[in-house]
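This report is an introduction for a reader who is meeting the structure for the first time. It moves from a single contact outward to the wider architecture.

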Amino acid sequence: MIPDVEFLRRLPKVQLHCHLEGTLRASTFLNLARRHGVALTYGASENALPVKALEATDPDRVYDFTDFQAFLMTFAAVSRSLAEPEDYGLLAAEYVADAVDQNVVRAELFISPSVWQFFNPDIDVRACLSAIRQSCDAYKSQIEVAFIVDLTRNFGAERAMRAAQLAVDLQDLGVIGIGLGGDESRYPPDLFADAFEFARSKGLHCVAHAGEGAGPESVQAAIEVLGAERIGHGVRALEDEKTVQLLASRGVPLEVCPTSNFLTGVAKRDRAHPLLALDAAGCIVTIDSDDPALFRTSITDEYAYVVKLAGPDTLLRFVRNAVDASFAPSARKTELRLALEAANLEPNAARRTS
C-alpha cells in the first residue's frame, strides 16, 4: 500500500536543502542568458567545455551534465545569468509558485551572494535579496521562507568571512544562517572555522555540505570543527563506522537528496540509495531536492522515490524529521507537526494499492 501522487503533493512539507539558484526553470535560464549575452556553460575557458549555442530552444537539454564537476559548471552558468535584482525577483517568484503548488509550508533556502558578486561584481546584493523577499512575501500566507547564505568554498577563507559578515547584515531580510558549499574535495571545512565562529557569535545557525564530494573526514570536521547543526548530503559518512556513530550520537540531521546523489555519482542508480543504511544506523534523515530544476526533479518526486524504496511510514518519519530539524521557533514546529498529522489522517488521503 502506497500513498498516491496527489497525496504526496498535498502533504505539508518543510524544505531544508534547496539552492534557490538551482530552481531556475530551464526556459527562464535560456531567456536570461540571451538577454545578458552570456553562454550556457562555464569553465576556465568557455571553449574547454562543449558549448551549447544560445540559439538552443530545447530546455530539456539545457541542464545536461555528466558528473559532479560538470554540474558545478552548469550551476555557475545559471548564476552568471542572474545579473540584476529583477532577475532574482523572477527566480524567487517561480520558486515560490512551484513550492506552494507542492504544499511546501516552510523553506530554508540556500542563496549564494558571493557567487552573485563573482559573476557580476557591481551587483547590489541587498537589492537582489529584497527582490527575492518581495516575491516570497507575496505568498506569505501559504509559505514562510528563510535564507541560509552559502559560504562558497572555492573562494577561500577570506571571502568566506566577508560572506558571513554579509549574512549578519542581511538578517532583516530573513537570513537565519550560513552554509558551506562548493568544491568539498579541495576546500576542507577547517579553512572556514573562523567564519563559522563569527556567524554563530552573531546568532546565525550553521550548516554545511559534507560527505558528498569528499569522504567521512569531511563530515567529521563539519561537525567537530565548524559545529554544523545539519549536514547537507552526508551519504559518504557510511565509509567510516565512527563517523556514522558520530552523526547518530550527536543527533545531527542529514539533508539527503536522492536524485542529486544519483546524478552527481555519489550514489549508484543500480542499488538502493544509502539513505536506508543511514536510517538503520540511527541517523536523522530528511529528504529534499537540492537543485530541482537542474536535476529535473521536485521534493514531491523525492518523496515518491522514498515511498517506493522504504514505504509510507518511513517517509512520514523523514517528513517529521524535517520539521524537527528546521530552525523554526518551537511554537511553529508544533503547528507544523499538527498540520502534518491532520493531512495524514484525512479520510480522502487513503493509501491505494500499487
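In this predicted model, a polar atom of the Asn-154 side chain lies 2.9 Å from the backbone nitrogen of Asp-183. The two residues are 29 positions apart in sequence, and their C-alpha atoms are 6.1 Å apart in space. Asn-154 is placed in the loop between strand E3 (144–150) and helix H8 (156–169). Leaving aside neighbours within four places in sequence, Asn-154 is in contact with Gly-182, Asp-183, Arg-186 and Tyr-187. Asn-154 counts as partly exposed because its relative accessibility is 31%, a value between the limits of 20% for buried and 50% for exposed.

**The nonpolar cores**

The largest nonpolar core contains 102 residues, and Tyr-95 and Leu-151 have the most contacts inside it. Helix H4 (residues 68–81) supplies the largest share of this core, with 8 residues. A second, separate core has 7 residues, among them Val-14, Val-105, Ala-322 and Ala-325.

Which residues does Tyr-95 touch, not counting those up to four places away in sequence? They are Gln-15, Cys-18, Leu-20, Thr-23, Val-104, Ala-107, Leu-109 and Ile-143.

**Aromatic rings and charges over rings**

A pair of aromatic rings is described by the distance of the centres and the angle of the planes. The model has 8 aromatic pairs. One of them joins Tyr-88 and Trp-116, with 4.3 Å between the centres and 45° between the planes, and it is classed as tilted. This pair links distant parts of the chain, since Tyr-88 belongs to helix H5 (residues 85–101) and Trp-116 to helix H6 (residues 113–119), 28 residues apart. Both Tyr-88 and Trp-116 are buried. Elsewhere, ring pairs connect Tyr-42, Phe-118, Phe-119 and Phe-155 into a cluster.

Phe-155, a member of that cluster, also has Arg-159 over its face. The table sets this arrangement beside another of its kind.

| Charged residue | Ring beneath | Distance to ring centre |
|---|---|---|
| Arg-159 | Phe-155 | 4.3 Å |
| Arg-230 | Phe-327 | 4.2 Å |

**Helix H7**

Helix H7 covers residues 125–137, and the distance between its end C-alpha atoms is 18 Å. This agrees with expectation, because 13 residues at 1.5 Å a residue should span 18 Å; the expected span is 1.5 Å times one less than the number of residues. At the N-terminal end of H7, Asp-124 acts as a cap: one of its side-chain oxygens lies 3.2 Å from the backbone nitrogen of Arg-126.

The buried residues of H7 are Val-125, Cys-128, Leu-129, Ala-131, Ile-132, Arg-133, Ser-135 and Cys-136. What covers these buried residues? The cover includes the helices H5, H6 and H8 together with the strands E2 (104–111), E3 and E4 (175–179).

**Arg-337 in helix H16**

Arg-337 lies in helix H16 (residues 330–345). With a relative accessible area of 38%, Arg-337 is partly exposed. Its contacts, not counting residues up to four places away in sequence, are Val-323 and Asp-324. Arg-337 and Ile-111 are 226 residues apart along the chain, and 27 Å separates their C-alpha atoms.

Key. Residues numbered from 1 in each chain as written. Predicted model: local features only at pLDDT ≥ 70, side-chain atom pairs only at ≥ 80, totals over all residues. Heavy atoms only, no water. Core = buried A, V, L, I, M, F, W, Y, C linked by side-chain atoms within 4.5 Å. Buried < 20%, exposed > 50% of the residue type's maximum accessible area, 1.4 Å probe, protein only. Helix = DSSP H or I, 4+ residues; strand = E, 2+ residues; numbered from the N terminus. Contact = heavy atoms within 4.5 Å. Phe/Tyr/Trp six-rings, centres within 6.5 Å; stacked < 30°, edge-to-face > 60°. Lys NZ or Arg CZ within 6 Å of the ring centre and 35° of its normal. Polar contact = N/O pair within 3.5 Å; in protein donor to acceptor, adjacent residues only side chain to side chain.
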